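This briefing goes through the sheets, a helix pair and the ligand surroundings of one structure, grouped by topic. Please read it with the sequence and the model at hand.

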Amino acid sequence: DASDIEKGTYPHYMLKEMDEQPGVVRKIIQAYEQDEELVIEQPILDAITASDRIYIIAAGTSYHAGLVGKQYFEKMAGIPVEVHISSEFGYNMPLLSEKPLFIFITQSGETADSRQVLVKIKDLGYPTLTITNVQGSTLSREADHTLLLHAGPEIAVASTKAYVAQVAVLAIAAYVTGKATGKAIDFDLKQELAIAANGIQSIVDSKDVMEEIAADYLKTARNAFFIGRNLDFCLSMEGALKLKEISYIQAEGFAGGELKHGTIALIEEGTPVFALVTQEQVALGIRGNVKEVVARGANACIIAMEGLEEDGDTLIIPRVHTLLTPLVAVVPLQLISYYAALHRDCDVDKPRNLAKSVTVE
Ligand code: G6P
């Protein structure tokens with residue numbers, strides 16, 4: 001539908017696409033719902049339950065969604081998962097399990113690095129599933145199965161709503177698998193996704209806060225760090241990628257505990273450090289890391305989930321199920337990157353040197 005791909009009154013596609021995220025989560029719930037229950041097609045469920053190990057193959061933001069997906073399949077369905085960068089997998093294939101299933105995560109369905117792996121895996125005769133936003137795309141056509149993201153066209157080069165959709169669809173696939181194999185953890189994913197959609201809504205409704213954070217922390221920054229533990233570590237890498245892509249600020253995502261093994265040497269007076277605190281079991285640990293960087297002069301922006309907040313935190317985000325925090329916590333990071341890029345006069349929708357889908361290796 002043409003209105004989907006027009007900016008309307010928005011100054012940038014990226015802003016429009018970030019705003020669409022609550023709707024995307026709701027659309028996904030509908031698309032995967034049958035008789036009030038979340039479902040995936042039986043042949044796909046059979047392919048997943050038949051596998052003894054899942055290999056997720058992806059690039060860029062989709063790779064970061066894959067890191068979250070690994071936790072979902074392991075925790076909700078009891079299936080071990082490896083996540084690989086497409087471009088590395090081709091020449092450095094790991095030893096495979098007996099019954100591998102390959103899951104390709106790709107917004108466009110056209111990324112050459114990922115397709116090259118798909119071609120190789122099909123030659124080897126292993127089952128394949130593509131999770132994509134584009135029906136009829138190359139990786140969708142060439143894989144045995146497809147799960148669609150239902151995010152609507154994503155035009156801005158920096159991926160936002162596709163990441164949220166990927167995480168939501170991975171959660172559904174893992175959850176439905178867990179129910180089928182009896183390994184499910186006891187929670188109502190449909191309801192929790194609806195709560196997450198509301199959480200995202202309240203964040204996109206308070207953009208001025210993120211604009212202020214971008215001004216306070218990033219206006220003149222040369223570099224920035226994102227730290228987190230567990231799922232917040234997966235997210236810290238996506239937060240850093242978003243910032244790099246559109247604001248050209250050198251940014252890295254790190255595991256909180258790994259800081260002391262090298263990266264902390266880079267902390268100087270005023271270095272921005274974005275610390276994510278959404279995981280209760282590691283909240284103390286990441287708070288400790290914040291103290292360490294602040295003691296060395298860092299300008300720490302603490303983004304905590306409701307219930308885990310402390311006095312002095314910069315931003316409190318709505319509480320959601322502990323497994324779904326990346327869905328919600330990614331949104332302030334996207335918005336902070338967006339405003340940082342604007343403040344620095346960067347071309348938000350078409351950053352230099354980047355393409356929306358990279359169809360060459
Ligand atoms: C390009 C885009 C990234 C994207 C990556 C993977 O590099 O600039 O935003 O994450 O490709 O794209 P895919 O379509 O396979 O998810």
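How many bridges join strand 11 (residues 299–305) to strand 12? In this predicted model, strand 11 and strand 12 run parallel and are joined by 3 bridges. Met305 is the residue that stands opposite Ile317 of strand 12.

**The sheet with strands 8 to 12**

- Strand 11 and strand 12 belong to an open sheet of 5 strands, which follow the order 9-8-10-11-12 with parallel pairing.
- Strand 9 (250–255) and strand 12 (315–317) each have a single partner strand and stand at the edges, so one side of each is left without a neighbour in the sheet.
- From one strand to the next, the twist of this sheet averages 20 degrees.
- Helix 10 (residues 207–218) packs on the sheet, where it touches strand 8 (223–228), strand 10 (272–277), strand 11 and strand 12, and its direction makes about 155 degrees with that of strand 11.
- Helix 12 (residues 283–295) also packs on this sheet, touching strand 8, strand 10 and strand 11, with a direction that makes about 165 degrees with that of strand 10.

**The sheet with strands 3 to 7**

- Another open sheet is formed by 5 strands in the order 4-3-5-6-7, and its pairing is parallel.
- Its edges are strand 4 (81–85) and strand 7 (145–148), and because each has a single partner strand, one side of each is left without a neighbour in the sheet.
- The twist in this sheet averages 20 degrees from one strand to the next.
- Strand 3 (residues 53–58) pairs with strand 5 (residues 100–106) in the parallel sense over 6 bridges, and Arg53 stands opposite Pro100 in strand 5.
- Helix 6 (residues 112–124) packs on this sheet and touches strand 3, strand 5 and strand 6 (128–132), while its direction makes about 160 degrees with that of strand 5.

**Helix 2 against helix 8**

- The axes of helix 2 (residues 21–31) and helix 8 (residues 161–181) come within 10 Å and cross at roughly 30 degrees, which makes the two helices roughly parallel.
- Their crossing is right-handed, and the contact is made by Gln21, Val24, Val25 and Ile28 of helix 2 with Lys161, Val164, Ala165, Ala168 and Val169 of helix 8.
- By class, the residues of this contact divide into 7 nonpolar, 1 polar and 1 charged.

**Around the ligand**

- The ligand is surrounded by 15 residues, of which Gly60, Thr106, Gln107, Ser108 and Thr111 are the closest.
- Helix 4 (residues 60–77) gives the most to this shell, with 3 residues.
- The residues of the shell comprise 4 nonpolar, 10 polar and 1 charged.

Definitions and conventions:
Residues numbered from 1 in each chain as written. Predicted model: local features only at pLDDT ≥ 70, side-chain atom pairs only at ≥ 80, totals over all residues. Near = placed C-beta within 6 Å. Helix = DSSP H or I, 4+ residues; strand = E, 2+ residues; numbered from the N terminus. Nonpolar A, V, L, I, M, F, W, Y, C, P; charged D, E, K, R; others polar. Axes fitted to C-alpha atoms, helices over the stretch in contact; angles between N-to-C directions. Parallel < 35°, antiparallel > 145°, perpendicular 65-115°, else oblique. Left-handed = near helix turned anticlockwise from the far one by under 90°. Contact = placed C-beta atoms within 7 Å. Pairing = 2+ DSSP bridges.
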